[in-house]
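This report describes selected features of a protein structure for a reader who is new to the subject. Please keep the structure in view while reading.

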Amino acid sequence: MAGKTLYDKLWDAHVVRCDDDGTCLLYIDRHLVHEVTSPQAFEGLRIAGRQPWRRDTVLATPDHNVPTDDRSKGIADPVARIQVETLDANVREFGLTYFPMGDVRQGIVHVVGPEEGGTLPGMTVVCGDSHTSTHGAFGALAHGIGTSEVEHVLATQCLVQKKSKNMLVSVDGHVGPGVTAKDIVLAIIGEIGTAGGTGYAIEFGGEAIRALSMEGRMTVCNMAIEAGARAGMVAVDETTIDYLYGRPYAPKGDQWDQAVASWFNLHSDFDADFDRIVRLDAGRIKPMVTWGTSPEMVVAVDGKVPDPAQEQDAVKATGMRAALKYMGLEANTPITNIPVDVVFIGSCTNARIEDMRAAAAVIKGRRKAANVKQVLVVPGSGLVKQQAEAEGLDKVFIDAGFEWREPGCSMCLAMNADRLQPGERCASTSNRNFEGRQGQGGRTHLVSPAMAAAAAIAGHFVDVREF
Amino acid sequence: MEKLNKVTGIVAPMDRPNVDTDAIIPKQFLKSIKRSGFGPNLFDEWRYLDHGEPGMDNSGRPLNPDFVLNQPRYQGAKILLARDNFGCGSSREHAPWALEDYGFRVIIAPSFADIFFNNCFKNGLLPIKLDGAIVDRLFKETAATEGYQLTVDLAAQTITTPGGEVIPFEVDAFRKHCLLNGLDDIGLTLQHVDEIKAYETRRRQEAPWLF
Ligand code: SF4
């Protein structure tokens, strides 16, 4: 009999029951909650007279709507304010653990969970947000759920699920200097497409993945959803364990030792069967830049905007033309000739301390280009902000003419005041370049933090390897 | 949840792949704390010429005449015909809420994004995956015939065209049962309380740090 994949192990350990057709109840160990997808779920509980099944599994923080500038005035937008206040009231009513605005632990839920040790290997982790795949970096089974499911997990601690298929994406060998986790995952999406992982749980493996820090692994798993997979994951190793040691919600004492012993089993067996295996040569991955309105529309920085005339598939060519029109780009333009108006360094993909360091390292005393109107640097959590300030990174950014902000989702989806104006072009470290994602009519190019910082200095995309 | 069995209705064609949830319901409408009333803002950025914000009176806003749902022939549509990877992007359940509130009950496409697909069933919407060639044909027929209608019979798992052609489709048995009976997932799961508790007891032994 073939061995088990990491996903098989995680799945098997959480099945409460299954029907004959494969519909299972899956037990949930950690439930992360934010203000946007939870109000209707709490409302549902109240209407049905239900209580949360296990309060201790919930961690809540507001992130999508919170202002990232001066917070002393509260939230100006009344609709957003109501949503955050609704979360405040719901966590109070139901007695849940909460990192509200003003708490140093507040931040983007996918940055906060791991930082607090709230995400542990072997857990099932859910959140009403598709980028919950981030937490798979810890050898956990983590995926986004809808609001009905948020209510379902609150009320029953379980999720109705069918098992996905197994996919291994192996990034073999080592990446060159200047190539980061973000470039790896953009290259993967470029390779398999935004629907390539649909129906699969993806395990990311290979030397290049194992060489990544936890921050880097989170960046990769974060964008599993952009590759179509609800869950992405990485096997547990020393890097995972070292990251977790001493975190507030990680186990302590004897339980820590017991946990670590069991966590080392969280990898795919050598003889495990995958339904699909994709291999990438890490040495060939270059810094990547998206040119269109889907994350799969991506090329290396030394490449050109592709030409729909060269595309054989008619449906694809139509999609490319629409994307070029929206993006205001001509086919065959070298990527490095594209100027940027705004730069955004932040989001659950790239707002951890390592991302802040990578961006700051590129600047080296230089200032943003005159044509760049605004550069926002938005740390992922209050603790990331604190750490960055302790290292003096805030000064580096401010001296370069960048804005150093309070933690939240910010311009990743422009639900708060941080947004692009129609036609503005942004180099962004976030994960989605859909039409209007960063503000109506805004044009998003997804890049790594180092590439974003370099574009801010140069005023256009540049190859950070030569910068 | 509203029951769904037989739906006969006008088909509206959404002829582009990768329609994402940001397009289905732009994020400014996610600030609502309610789960109804999203229909007027379905496809807001494509549907109106101005920028929509929550709380606006939508009845007076300038419509984009080029947008498919604004064409007179597709008014009252209950069935949405779509292309590959429909509903990609975020997990927002506001997307199925908006589609349902607008009046859609069925979405037909060659493929759907996973989370969106699941969210549909939980909100009384039936997503049907059909072979790309069949979908292509339905697009052609819809374009060719004004007032083109399909009949979707969930119990029988068939789609009937005006020409009398019967197209079978697959649907998960559990999801079908819930839709046909308008059943809520939580009530169903709570029938298994003993099993959940037994799991917890077992798990507490194996992994006490999780409790
Ligand atoms: S940072 Fe962006 S992608 Fe991440 S949770 Fe916030 S809005 Fe979603």
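Cys348(A) is buried, with a relative accessible area of 7%. The model in which this cysteine is found is a predicted one. Cys348(A) also serves as a reference point for another cysteine, Cys127(A), which is discussed below with the disulfide.

## Cysteines of chain A

Over all chains, the structure holds 1 disulfide. A disulfide is a covalent bond between the sulfur atoms of two cysteines. Here the partners are Cys18(A) and Cys24(A), whose sulfur atoms lie 2.0 Å apart. The link of Cys18(A) and Cys24(A) is right-handed, with 100° about the S-S bond. Cys127(A), by contrast, is in no disulfide. Its nearest cysteine sulfur belongs to Cys348(A) and is 9.6 Å away, whereas a disulfide requires sulfur atoms within 2.5 Å.

How exposed or buried are these cysteines? The table lists the relative accessible area of each one.

| Cysteine | Relative accessible area | Class |
|---|---|---|
| Cys18(A) | 38% | partly exposed |
| Cys24(A) | 4% | buried |
| Cys127(A) | 0% | buried |
| Cys348(A) | 7% | buried |

The two ends of the disulfide therefore fall into separate classes: Cys18(A) is partly exposed, while Cys24(A) is buried.

## Helices of chain A

Helix H12(A) covers residues 353-363. Its buried residues are Ile353(A), Asp355(A), Met356(A), Ala359(A), Ala360(A), Val362(A) and Ile363(A). Just after H12(A) comes Lys364(A), which takes a positive phi of about 40°.

H12(A) has a partner in helix H15(A), residues 449-458; the axes of the two helices come within 8 Å and cross at roughly 35°. The crossing in which H12(A) passes H15(A) is right-handed. Which residues bring H12(A) and H15(A) together where they meet? From H12(A) come Asp355(A), Ala358(A), Ala359(A), Val362(A) and Ile363(A), and from H15(A) come Pro449(A), Ala450(A), Ala453(A), Ala454(A) and Ile457(A). Sorted by class, this contact has 9 nonpolar residues, no polar residues and 1 charged residue. Several members of the contact on the H12(A) side are also buried, including Asp355(A), Ala359(A), Val362(A) and Ile363(A).

Another helix of chain A, H8(A), spans residues 214-222 and contains Thr219(A). Thr219(A) has a relative accessible area of 1%; it is therefore classed as buried, since buried means under 20%. Not counting residues up to four places away in sequence, Thr219(A) touches Ala181(A), Lys182(A), Val185(A), Thr349(A), Asn350(A) and Arg352(A).

## Chain B as a whole

Chain B has 8 helices and 7 strands. Its C-alpha trace spans about 65 × 45 × 25 Å along the principal axes. Of the 211 residues in chain B, 56% are buried. Among the contacts in chain B between residues at least 6 apart in sequence, 63% join residues at least 24 apart.

## A helix pair in chain B

Helix H3(B), residues 94-102, and helix H4(B), residues 114-122, have axes that come within 9 Å and cross at roughly 50°. Because of that angle, H3(B) counts as oblique to H4(B). H3(B) passes H4(B) in a right-handed crossing. Where the helices meet, Ala95(B), Pro96(B) and Leu99(B) belong to H3(B), and Phe116(B), Asn119(B) and Cys120(B) belong to H4(B). This contact includes 5 nonpolar residues, 1 polar residue and no charged residues.

## Two buried residues of chain B

Ile79(B) is placed in strand E2(B), residues 79-82. With 0% relative accessibility, Ile79(B) counts as buried. Leaving aside neighbours within four places in sequence, Ile79(B) is in contact with Val7(B), Gly9(B), Ile10(B), Val11(B), Ala12(B), Phe104(B), Val106(B), Ile108(B), Leu150(B) and Val152(B). Ile79(B) and Leu126(B) are 47 residues apart along the chain, and their C-alpha atoms are separated by 9.5 Å.

Leu138(B) lies in helix H5(B), residues 132-144. Is Leu138(B) buried or exposed? At 1% relative accessibility, Leu138(B) counts as buried. Not counting residues up to four places away in sequence, Leu138(B) touches Leu81(B), Ile108(B), Leu130(B), Tyr148(B), Leu150(B), Thr161(B) and Ile167(B). Ile108(B) and Leu150(B) thus appear in the contact lists of both Ile79(B) and Leu138(B). The C-alpha atoms of Leu138(B) and Leu49(B), which are 89 residues apart along the chain, are separated by 29 Å.

Note on methods: Residues numbered from 1 in each chain as written. Chains lettered and ligands numbered in written order. Predicted model: local features only at pLDDT ≥ 70, side-chain atom pairs only at ≥ 80, totals over all residues. Heavy atoms only, no water. Buried < 20%, exposed > 50% of the residue type's maximum accessible area, 1.4 Å probe, protein only. Axes fitted to C-alpha atoms, helices over the stretch in contact; angles between N-to-C directions. Helix = DSSP H or I, 4+ residues; strand = E, 2+ residues; numbered from the N terminus. Parallel < 35°, antiparallel > 145°, perpendicular 65-115°, else oblique. Left-handed = near helix turned anticlockwise from the far one by under 90°. Contact = heavy atoms within 4.5 Å. Nonpolar A, V, L, I, M, F, W, Y, C, P; charged D, E, K, R; others polar.
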